[in-house]
Amino acid sequence: MTNMNLSRRSLLQLTAAGFAAAGATRLATPAIAQNAKVSWRMQSLWDGGTTPQKYEELFVQKVAEKTGGEFELKLFSAGQIVPPAQSFDAVRGGAFQLMKTFDGYTAGKIAAHAFTSTIPFGYKKSEDYGAWFYELGGLDMARESYAPAGLHYIAPTIYDQEPIHSTVEIRTIADLSGKKGRFTGLGSTVMGAFGVAVTPLPTAEVYSALDKGLIDIADRGDLQANLDAGLAEVAKFIILPGVHQPTTATSYVANTAAFDGLPDDFKAALADAAKEISDEYQANKTKTDASALVAFKESGVTVIELDEADVTASRSKAVEAWRTAARSDPLANKILDSQIAQMKELGLLT
């Protein structure tokens, strides 16, 4: 995942003036008449030409189709309007209306976002994480986390594991201790608890950091993306399952004033298109994961499967790290309590 390093100032200093400005914007934005044509700008999380960006292009098409062409989303790739680190404030301020983001980037400032992005050693299946969002109140809690900033959480794109790429042999969870690694969001906290010296790095620097020996292990992206990035050349081991990021949710997030001004069918189009993209992206990832693993092996990469019993036995230590990340934040703990309850029902926790 790309490291965005959002500043404390941009996330926490929601001043009275800021709220007043947001309120003024909201008041100055009249409700859009039913079926009136609307044009929004959207900045994605992804670089142009990548597989995830192609799915954002499909999302834009779906929204247009569902609204008879009356709701136009002008899509920009990461950094085309503002640097990725500024997207949160840019959408909040109305520079553009919609962003695709990864809540883990803001987890250090908004504690709840640690758990609406990915839970290391947590959900093993994307459908279980999806059930938390759609059946167990997760969407409402995610929206609650964004509301104070004048932002509206629409829906997630949920997919399963990302791998760990390594320059050294990792056969057990205990082998992680003492290694230098690149992880983001809650993954940083949890992997740190297992003895990894975590270094925050942008995605673009992962290849060179592995190549130069600055890090031993790294999270970067899904298998196909990492194959395309050439990681087979610099990391001769893949560690599965990706305990640091067994399932992931990226997020469609809109400016609240702009969203509130939409007619109901346009709002529904955004939510429905997002859900469809989530399902279709996971289906495609299942196929590309399989073919990418074959290609990695053909390139001389050794794929190591961690013992399931070892992963299960380590999960209780991860839970302690989850609680640390939740701090004393009421919403973060509410989210975590609900997720732990679900994981107990799924048999992941006792």
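**Salt bridges and overall form of a predicted model**

Biologist: Is Arg171 buried, partly exposed or exposed?
Modeller: In this predicted model, Arg171 has a relative accessible area of 43%. Buried would require under 20% and exposed over 50%. Arg171 therefore counts as partly exposed.

Biologist: Which side chain meets that of Arg171 in a salt bridge?
Modeller: The contact runs from N to O over 2.7 Å, and a salt bridge requires such a pair within 4 Å. The partner also has a relative accessible area of 43% and is partly exposed. The residue is Glu169.

Biologist: In which helix do Asp279 and Lys275 both lie?
Modeller: Their side chains form a salt bridge of 3.1 Å. Asp279 is partly exposed at 42%, and Lys275 is partly exposed at 31%. The two residues are 4 apart, about one turn, within residues 264-298, which constitute helix 11.

Biologist: What is the N to O distance in the salt bridge of Arg92 and Asp89?
Modeller: Both residues belong to helix 4 and are separated by 3 residues, about one turn. Arg92 is partly exposed at 23%, as is Asp89 at 28%. Their side chains meet at 3.0 Å.

Biologist: How many salt bridges does the count come to?
Modeller: The chain carries 33 positive and 41 negative side chains. Lys62, Lys66, Glu276 and Glu280 are linked in a network of salt bridges. The count comes to 12.

Biologist: What is the radius of gyration of the chain?
Modeller: The chain comprises 13 helices and 11 strands. For 350 residues the globule rule gives 20 Å, and the chain is close to this, so it is as compact as a globular protein of that length. Its radius of gyration is 20 Å.

Notes. Residues numbered from 1 in each chain as written. Predicted model: local features only at pLDDT ≥ 70, side-chain atom pairs only at ≥ 80, totals over all residues. Heavy atoms only, no water. Rg over C-alpha atoms; globule rule 2.2 N^0.38 Å. Lys, Arg positive; Asp, Glu negative; His and termini not counted. Charge placed at Lys NZ, Arg CZ, Asp CG, Glu CD. Buried < 20%, exposed > 50% of the residue type's maximum accessible area, 1.4 Å probe, protein only.
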